[in-house]
Amino acid sequence: MTTGELLRIGVVIGSGHGMAGTTGALVQELLDRVADLTATEVTVVETETLRLGGSCSACLSCMTDGEATCPNIGNSDPATTLLDTSDLVVFATPVHSFHVSATMKRFVDHYAYLIHRPRHFGTPAVLISTAAGAGHDAALGYLAEATRRWGFHTIAQLGVNGPALARAPYRARVDTALAEIAETIVDGTRNGKEPTPSTKDLIGFRVARLLVQGGKDEGSVDEAYWNERNWFDADWFTDAKVPKLANRLAAIIEGRIRSAIEKGSNKPFRG
Ligand SMILES: Cc1cc2nc3c(=O)[nH]c(=O)nc-3n(C[C@H](O)[C@H](O)[C@H](O)COP(=O)(O)O)c2cc1C
């Protein structure tokens, strides 16, 4: 996107109240602020009405035979189009029991194939949560982690306690944050390049490669996707500059993971 172009914003909202609840109201405030700065076109998808069903059917056909074989693929079309065509995506959720809402979680599960075949590099994400008082860290941390695996990079996060908005000092801080994020959205999307991958990103790349290599016998879709992009011989998904030291560290960790898997020497999680 360059100056003067329409900013296409996609909103994925995980509230049972759609855009009419506390989360939607906060997102709308942000959208209004962005619209004051630049021309926008907004598309909203509600996870509640996508009809993805209860849990993911866990057939794994999206991984082995491609996402077109998912029994829910038709129902996710509006969301897939939004993710594929937006200049920036806002992922917003109420905090439910210290995490994202159930339908937001279901949404994330639907796109698990993007962990194997990520395709959203270069698209910035903004993460929003609302709560009565606590749980933003887990909810937003999870959204940041999940969407990063799909390729998105988070440029701003905001967790707001709905009841606290009645207090003027808190309201003022939220207003300041919204103004800052609106600026970040416009600047970040105009000038935004894929950020330099962090050590964690580089480890994520290598773990994804392990996953794909490990699943070769089950299906060739992932392998073909990785081959087409020469990712088996790469250090990172894009041509963003890879920091040498971080990459060396990631390679060491990958080696340890590989060896632990081969020897079965990795330990069960005990907390
Ligand atoms: C099932 C459920 C669980 C909730 N869990 C939390 C929680 O863990 N922490 C919290 O601070 N608020 C919690 N809340 C309150 C909501 O996060 C809060 O009211 C939110 O702003 C509602 O947004 P909405 O109007 O978009 O649905 C919970 C609400 C519900 C319905």
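How far does a polar side-chain atom of Thr 130 lie from an oxygen atom of the ligand, and what is that distance in Å? In this predicted model, the separation is 2.7 Å. Two backbone contacts accompany the one made by this side chain. A backbone N or O atom of Gly 133 lies 2.6 Å from an oxygen atom of the ligand, and a polar backbone atom of Ala 132 is 3.0 Å from a ligand nitrogen atom. On its own, the ligand has 650 Å² of accessible area, of which the protein covers 68%. The elements that contribute two or more residues to the surrounding shell are α1 (22-37) and β4 (124-131). The ligand is surrounded by 15 residues, of which Thr 23, Val 95, Phe 98, Thr 130 and Gly 133 come nearest. By class, this shell comprises six nonpolar and nine polar residues, with no charged residues.

Helix α4, spanning residues 102-110, has Met 104, Arg 106, Phe 107, Val 108 and His 110 as its buried residues. These buried residues pack against two strands, β1 (7-13) and β3 (88-94), and against the helices α3 (77-85), α5 (113-116) and α6 (136-150).

Aromatic side chains were also examined, and the structure holds 17 aromatic pairs. In one of them, Phe 91 and Phe 152 meet edge-to-face, with 5.5 Å from centre to centre and 80° between the planes. This pair links distant parts of the chain, since Phe 91 belongs to strand β3 and Phe 152 to the loop between α6 and β5 (153-161), 61 residues apart. Both Phe 91 and Phe 152 are buried. Elsewhere, one aromatic cluster is formed by Phe 121, Phe 205, Tyr 225, Trp 226, Trp 231, Phe 232, Trp 236 and Phe 237.

Definitions and conventions: Residues are numbered from 1 along each chain as its sequence is written. This is a predicted model: local features need pLDDT of at least 70, side-chain atom pairs count only at pLDDT 80 or more; totals for chains, interfaces and linings use all residues. Side-chain values use heavy atoms; hydrogens and water are left out. A residue is near a molecule or strand if one of its heavy atoms lies within 4 Å of it. A polar contact is a pair of N or O atoms within 3.5 Å; within protein, one must be able to donate a hydrogen and the other to accept it, and residues adjacent in sequence count only if both atoms are side-chain atoms. Accessible areas come from the Shrake-Rupley method with a 1.4 Å probe; for residues, only the protein chains shown count as cover. Helices (H or I, at least four residues) and strands (E, at least two) are DSSP runs, numbered from the N terminus. Ala, Val, Leu, Ile, Met, Phe, Trp, Tyr, Cys and Pro count as nonpolar, Asp, Glu, Lys and Arg as charged, and the others, Gly among them, as polar. Buried means under 20% relative accessible area, exposed over 50%, partly exposed in between (1.4 Å probe, protein chains only). Contact means heavy atoms within 4.5 Å. Rings of Phe, Tyr and Trp (its six-membered ring) pair if their centres lie within 6.5 Å; planes under 30 degrees apart count as stacked, over 60 as edge-to-face and the rest as tilted.
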